[in-house]
Amino acid sequence: MKIWNRALLPFLCAASWLAFGATATIDPTLYLNDVKFLASPEMRGRATGSPELEKAAAFISGKFKEFGLKPVEGKSYYQAFEATTSSTLGKANHFAFTTNGHSTTLRFPDDFTPFQFSPKARIAGTVVFAGYGITAPEYHYDDYANVDVKGKLVLILRHEPQESDEHSVFAGKSFTQHAQFVRKASNAKLHGAAGVILISDVANHHGEPDELEKFGTADGPSDAGIPFIQVKEARVESWFAAAGKNLETIEAGIDKDLQPESFAFPASLRVDAEVDVERLVKTVHNVAGYLPGESGEYVVIGAHYDHLGLGGQFSLAPSMTGTVHPGADDNASGTAGVIELARWYSTQPKQKRGILFMTFAGEELGLLGSAYYVGHPELPLEKAVAMINMDMIGRVKNGRVFIGGAATGSNFRPMLEQITPKYHLDVDYSDSGGYGSSDHTSFTIGHVPVLFFFSGLHADYHKPSDTWDKIDAPAAAKLLTLVAEVADTLRATAERPQFVRVAPPAHGEGGAGPISSSSGSGYGPWFGSIPDFGEGVKGVKFADVREGSPAAKAGFQAGDIMVEFDGKPIQNLYDFTYALQAKKPGDEVKVKVLREGKPVEAPVLLTKRP
């Protein structure tokens, strides 16, 4: 107890917050009005790069101006950066094939369409049938085992074997990760294929229409590094007939004994195709307003204000792509919290430290806005005492609140344990390491102590049903009052918290998304890198390397760009995740990175997660 009491002394000296609970007035009505506006149908889901997101930016900056906050650099509340926001189909898409001297041209987009993560490319050559395009060593199954696909096109089936068998090792009707399109793309690329042609496994779906996947709805990187085209199965039936094969028989054979039935089509079959996918790069904006303190030190209070727009690849209701995903909880709730705290603090006397109120664009695309700010800070990053991030704070259930990052500041936990009891909340500190699928991660990587306030996931997450009427404004206001007391304490306390690099947790960082995959959370072996989500890098750039991890022991460091893993080329995070999950603890792999443009290689002994 004495150690805890000693740790509390700096905070007990900060008298400003002792009376905070009696004076703070967070207005739930004003808060909810801001959520309503940001999540209104007219805002069309605030997709990064959309006119509606710019309208939201103008709304936020207008509030900051109304409250008397200062633009950080004296001119504008906006911090501009470029982001690849989406992909669109070009006009040059073409697919033709020749069999025994007879040429056939397919109709676009009725007969074929590329996936949005396909690069712009021309592909031509012979074709190899590679089953479902799956390599699953854990199931002793490999469609590529007995065929050479280097430099050739592979024709593969959608889904995976035995999907009607609930006792299958592939989990029956609940598809495994091997059914994901992007994993099939990575696997084909790792085997040296020049391109992928995907068809539906119609034998397993009798009576269902063979519909092409809607462009833009599949998960994947902005560029998978291999052309990937979907073609209607009926348009390639002649290929199997010319090879003396029957597709329905092939599918049944694979289902029977899980033995691959891959083969090379006759050399007389040749494909000539053009893939025309254009990436849209737009200038988008973080929005920042500054409330100066008596010193140059400051606390960041932030939230992302973008969402999914009309759905697409990150929607959890993909069939409703084209419908507004309003993002009331994710994250109009956090953005409205930043606005309401800015309003309240603008009425208070100046304190020792200032506050930088920030709303970030591009979070849903990979923490782009916060990563850009940390790389291009408008105030010195070393003057940031802490970063408080609010993401999905609008649906507190049964008083349960998650506070992440509590271990990243030397005095955070005793401070929180002194403050939180008066709010009668059930506080969960399990995600204490500062890494997760929201913007505080960027500041953790920048060695700024972070606190992440989150009210939990729900069934409406990333769906059109995440609407403003489900926000519990009084509970959110109560949570914001807690956040304000924490911020006030951090502004006034004599000693600022010191950043703490947190050892890896016992069961990963929690959360979802590529951070957990790369760092080794979840299943599979542990490598120990944290990816940098910035754009324009071919490979996987390490924003950080976990202390004591296999990657750290091998000498890898922040800023390295992985280009090879176990002899396989790595072009993006999906390639790395796929290659890593194919290994097991105890495997030693050779990894090549670029460090300041020069290659560095080292063996890495993969381990179990600590």
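**Exercise 1. Determine what backbone conformation Leu258 takes just after helix H7, and describe how helix H7 is capped at its N-terminal end.**

Step 1. Leu258, which comes just after H7, takes a positive phi of about 55 degrees; helices here are DSSP runs of H or I with at least four residues, strands are runs of E with at least two, and both are numbered from the N terminus. The model is predicted, and local features need pLDDT of at least 70, side-chain atom pairs count only at pLDDT 80 or more, while totals for chains, interfaces and linings use all residues. Residues are numbered from 1 along each chain as its sequence is written, and side-chain values use heavy atoms, with hydrogens and water left out.

Step 2. At the N-terminal end of H7, Asn246 acts as the cap, with a side-chain oxygen 3.0 Å from the backbone nitrogen of Glu248.

**Exercise 2. Find which residues of H7 are buried, and explain why they line one face of the helix.**

Step 1. Within H7 (residues 247–257), the buried residues are Leu247, Ile250, Glu251, Gly253 and Ile254, where buried means under 20% relative accessible area, exposed over 50%, and partly exposed in between (1.4 Å probe, protein chains only).

Step 2. Viewed down the axis of H7, these buried residues fall within an arc of 160 degrees, so they line one face of the helix; the arc is that of the directions from the helix axis to the C-beta atoms.

Step 3. The face of H7 turned away from the buried side carries the exposed residues Thr249 and Lys256.

Step 4. Among the elements against which the buried residues of H7 pack are strand S9 (153–157), strand S10 (195–199) and helix H6 (237–242), contact being defined by heavy atoms within 4.5 Å.

**Exercise 3. Identify which residues touch the most other members of the largest nonpolar core, and which helix gives the most to this core.**

Step 1. A nonpolar core is a set of buried Ala, Val, Leu, Ile, Met, Phe, Trp, Tyr and Cys residues joined through side-chain atoms within 4.5 Å. Of the 70 residues in the largest one, Ile301, Phe357, Phe453 and Val486 touch the most other members.

Step 2. Helix H12 (residues 473–492) gives the most to this core, contributing twelve residues.

Step 3. A second, separate core has 33 residues, including Leu106, Ile123, Leu153 and Trp239.

**Exercise 4. Decide whether His285 is buried or exposed, and name the side chain with which its own side chain makes a polar contact.**

Step 1. His285 lies in strand S14 (residues 277–291) and is buried, its relative accessible area being 14%.

Step 2. The side chain of His285 makes a polar contact with that of Glu54 at 2.8 Å; such a contact is a pair of N or O atoms within 3.5 Å, and within protein one must be able to donate a hydrogen and the other to accept it, with residues adjacent in sequence counting only if both atoms are side-chain atoms.
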